[in-house]
Amino acid sequence: AISILLSVTFSAFYLIFFYGIFFIGGIETFKPGEIKTRFKDIWGQDHVVNRVKENLDFLEKPQEIESKGGYVPSGVLLWGPPGTGKTLMAEAAAGETERPYVFVDPQAFVQTFMGVAPMKMKWLYRRLRKLALRYGGVVVFFDEADVLGSRGQISGQFDNSESLAREQIDHLHWLSPASQHLILDQLRASNRGASDDNADTSPRRSLRERIIMAGMGGGGMGTLQALLTEMNGLNKPRGFFSRRIRQFLNMPAKKPPKFRILHIFATNLPSALDAALLRPGRIDRIYKVGYPMKEGRKKTYEGYFAKVKNTLTADDIDRLAVMTPYSTGASIKDLVNEALLVALREGREIVTWNDVIRARYLRKVGEHEHVDYIERERHAIALHEASHAVAAYMRRKDLVIDFVSIEPGGSYLGVVSSTYDDETFLRWRSTFEVDILVSLASLAGERLFFSGDSSAGVSGDLRNATTVSTWMEAMWGMGTTISSAPALLQTIGAGFPAATGTNIDRDAANLSSRIESRLSRIYDQARDLLTEQRTMVLAVAHALETHKTISGEDVAAIIENSVGPKVDGRVYHQPGFAAVAEQYHVAALEAHQKVDDVAAPLPVLPAID
């Protein structure tokens with residue numbers, strides 16, 4: 001008897017164990033009232049919230065559309081960058097309707113053994129149908145839907161790979177956001193090409209390995225087919241009696257119940273989803289949850305700052321909303337939290353504007369490394385960044401300098417960061433040429449102040465300037481020709497009869513010549529500007545050597561002869577400053593040429609009462 005009891009106990013244990021692994025793991029069900037999130041908790045996505053609310057109205061009052069011959073939409077796809085609030089919106093939808101909410105983790109369908117994932121999908125829909133009948137409806141949320149809804153073909157257009165070298169990204173901070181996105185897209189494309197070159201060349205797996213490992217890393221074809229079948233068959237007769245006994249007794253089929261199941265899918269790779277899943281009847285509505293606009297960012301900041309003690313005014317929040325384009329709800333929440341941590345480190349519970357600025361600095365460039373430069377290198381790095389800063393301040397109209405620093409971190413020794421002064425959408429040739437000018441200012445400044453010598457530190461700036469210039473010449477009609485190089489190459493690749501290898505080589509040489517001509521012309525402009533503003537470059541460099549990090553307001557104070565948050569710019573307009581600055585620079589130049597210590601100390605300027 002004891003042996004039988006132990007056998008039954010162990011059998012039940014293993015049955016429960018495998019049932020939990022194969023059928024329940026990764027799927028969480030929340031009963032009505034357990035989800036506290038509401039649409040009022042979502043800021044900055046009003047246009048999407050309003051459309052999702054419309055789908056909820058159909059779930060609440062289906063007769064309004066069905067009585068008129070229509071059908072209730074059962075599927076919604078939310079797509080957009082990570083952190084924009086897709087999951088939060090699904091939770092709010094469940095909370096607003098007070099219906100059960102089922103969260104489906106995509107890892108729930110990563111199958112270890114062939115056939116497990118489709119069975120798990122069928123179990124899920126049995127559970128959804130029961131909940132829908134019991135509560136009058138249910139909301140099911142599939143996070144990272146591209147894991148389940150893909151047949152393995154992913155478009156590079158939506159590739160979100162961020163495996164970019166840190167030293168490449170660190171030199172983009174001074175660029176306008178449009179140019180930053182251009183450079184990052186190029187780097188992603190290069191990395192994808194490198195990944196293709198390193199494709200898997202491992203030997204074929206054995207039959208046993210193929211059976212056990214089938215579907216690892218994703219749902220697989222069987223899972224997608226099971227999902228499509230279940231979504232398409234919600235209104236079919238179900239149950240043994242309805243489908244078999246009534247048929248055997250030649251009784252008419254019982255009209256199936258209406259299962260009110262609202263599917264919400266979320267992904268940042270919409271192109272990975274199969275067309276069969278996206279067709280009307282399965283996914284009826286597709287909404288982009290993108291980066292919030294200025295007003296959306298402002299509301300989001302107001303919502304999160306309302307949760308902490310702060311001294312920020314409405315103007316401060318409005319300014320912050322302008323300064324942070326391409327911010328998501330998640331990044332805004334993180335910035336507010338980081339500002340609170342900055343205040344707490346200093347023993348305060350109230351967040352100030354300076355805490356926010358410090359938090360932005362930490363989030364943008366990270367903690368700096370505590371490195372003491374030798375004098376000649378400190379001076380060279382300061383002049384490099386000062387050349388960027390003066391060129392940006394004098395020529396840029398749509399962006400303002402956020403901060404300038406010679407504190408090293410990551411792979412950079414210094415940084416100039418700019419931000420928008422107002423929310424704009426169009427980018428013009430003049431704007432991109434200013435980007436190129438600010439980039440080339442580092443090379444022009446080093447050659448100007450170091451007698452034609454220059455460091456390898458300008459390599460990132462030259463890469464950025466060349467990339468932007470190439471797109472201007474080859475894509476955007478901002479050069480000496482108006483043809484599109486990609487369109488031309490596609491035509492040649494398609495077998496255009498006049499295309500030959502010689503023509504391709506000649507066109508590439510012409511394009512390279514036009515790019516070099518543009519860069520040379522803008523370089524001359526940068527050199528002339530810095531020559532004219534030589535004293536101001538030395539002034540900004542002196543402030544950087546003194547304070548290491550200064551704000552954009554400090555740069556403006558130096559150039560405009562006013563007082564900034566950290567720097568009194570009036571001292572740099574006193575008679576005699578130019579001579580003192582040049583004297584110190586000559587000493588630093590001699591030390592650079594002799595690879596020796598600087599003979600003179602950094603000048604200490606007298607304060608102005």
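Helices and strands here are DSSP runs, numbered from the N terminus, with a strand needing at least two residues. Keep that in mind while you look at these close-ups, which all come from a predicted model.

**View 1. H263, tucked away inside strand β5.** Let's start with a single residue. H263 sits in strand β5, which covers residues 261–267. Its relative accessibility is 0%, and buried means under 20%, so H263 counts as buried. The side chain of H263 has a polar partner too: it makes a polar contact with the side chain of Y125, at 2.9 Å.

**View 2. The open sheet that β5 belongs to.** Now step back from H263 and look at the strands around it. Six strands make up an open sheet, in the order β1-β3-β4-β5-β2-β6, and the pairing is mixed. At the edges stand β1 (27–30) and β6 (285–288); each has a single partner strand, so one side of each has no neighbour in the sheet. From one strand to the next, the twist averages 15°. As a bit of background, strands of a sheet pair through backbone hydrogen bonds, in either a parallel or an antiparallel way.

**View 3. How β4 and β5 are joined.** Which way do β4 and β5 run relative to each other, parallel or antiparallel? They run parallel, and five bridges join β5 to strand β4 (residues 138–142). To find one of these spots, look for V138: its bridge partner in β5 is I261.

**View 4. Two helices lying across the sheet.** Helix α4 (residues 86–97) lies across β2 (75–79), β3 (101–104), β4 and β5. It runs at about 170° to β4. Helix α5 (residues 116–135) lies across β1, β3, β4 and β5, and its angle to β4 is about 150°.

**View 5. Strand β7 and its partner β9.** Why is strand β7 described as largely enclosed by the rest of the structure? Six of the seven residues of β7 (residues 399–405) are buried, so the rest of the structure largely encloses this strand. β7 pairs with strand β9 (residues 549–551) over three bridges, in the antiparallel sense. Check out V404, which stands opposite I550 in β9.

**View 6. The second largest pocket.** This pocket has a volume of about 720 Å³. It is lined by 29 residues, and the closest to its centre are I357, D402, S551, G552 and E553. Plenty of elements chip in: α13 (314–323), α15 (353–365), α16 (375–395), β7, β8 (415–420), β9 and α22 (552–560) each supply at least two lining residues.

**View 7. Helix α22 and what it packs against.** Which residues of α22 are buried? They are G552, D554, V555, A557, I558 and I559. These buried residues pack against α16, β7, α21 and β9. Just after α22 comes N561, whose phi is positive, near 65°.

**View 8. The largest cavity.** The structure holds two cavities of 30 Å³ or more. The largest cavity contains about 70 Å³ of space. Its lining is made of H379, L538, H542, E545, F577, A581, Y584, L602 and P603. Helices α21 (534–547) and α23 (577–594) each supply at least two residues of that lining.

**View 9. T467 in helix α18.** One last residue: T467 is found in helix α18 (residues 459–474). Its relative accessibility is 16%, so T467 counts as buried. Look for I515 as well: T467 and I515 are 48 residues apart in sequence, and their C-alpha atoms are 9.4 Å apart in space.

How values were computed. Residues numbered from 1 in each chain as written. Predicted model: local features only at pLDDT ≥ 70, side-chain atom pairs only at ≥ 80, totals over all residues. Heavy atoms only, no water. Helix = DSSP H or I, 4+ residues; strand = E, 2+ residues; numbered from the N terminus. Buried < 20%, exposed > 50% of the residue type's maximum accessible area, 1.4 Å probe, protein only. Polar contact = N/O pair within 3.5 Å; in protein donor to acceptor, adjacent residues only side chain to side chain. Pairing = 2+ DSSP bridges. Axes fitted to C-alpha atoms, helices over the stretch in contact; angles between N-to-C directions. Contact = heavy atoms within 4.5 Å. 1 Å grid on protein atoms, 1.4 Å probe; cavity = no way out; pocket = protein on both sides within 12 Å on 5 of 7 lines; lining within 4 Å. Points joined across faces, edges and corners; volume = space filled by probe spheres on them.
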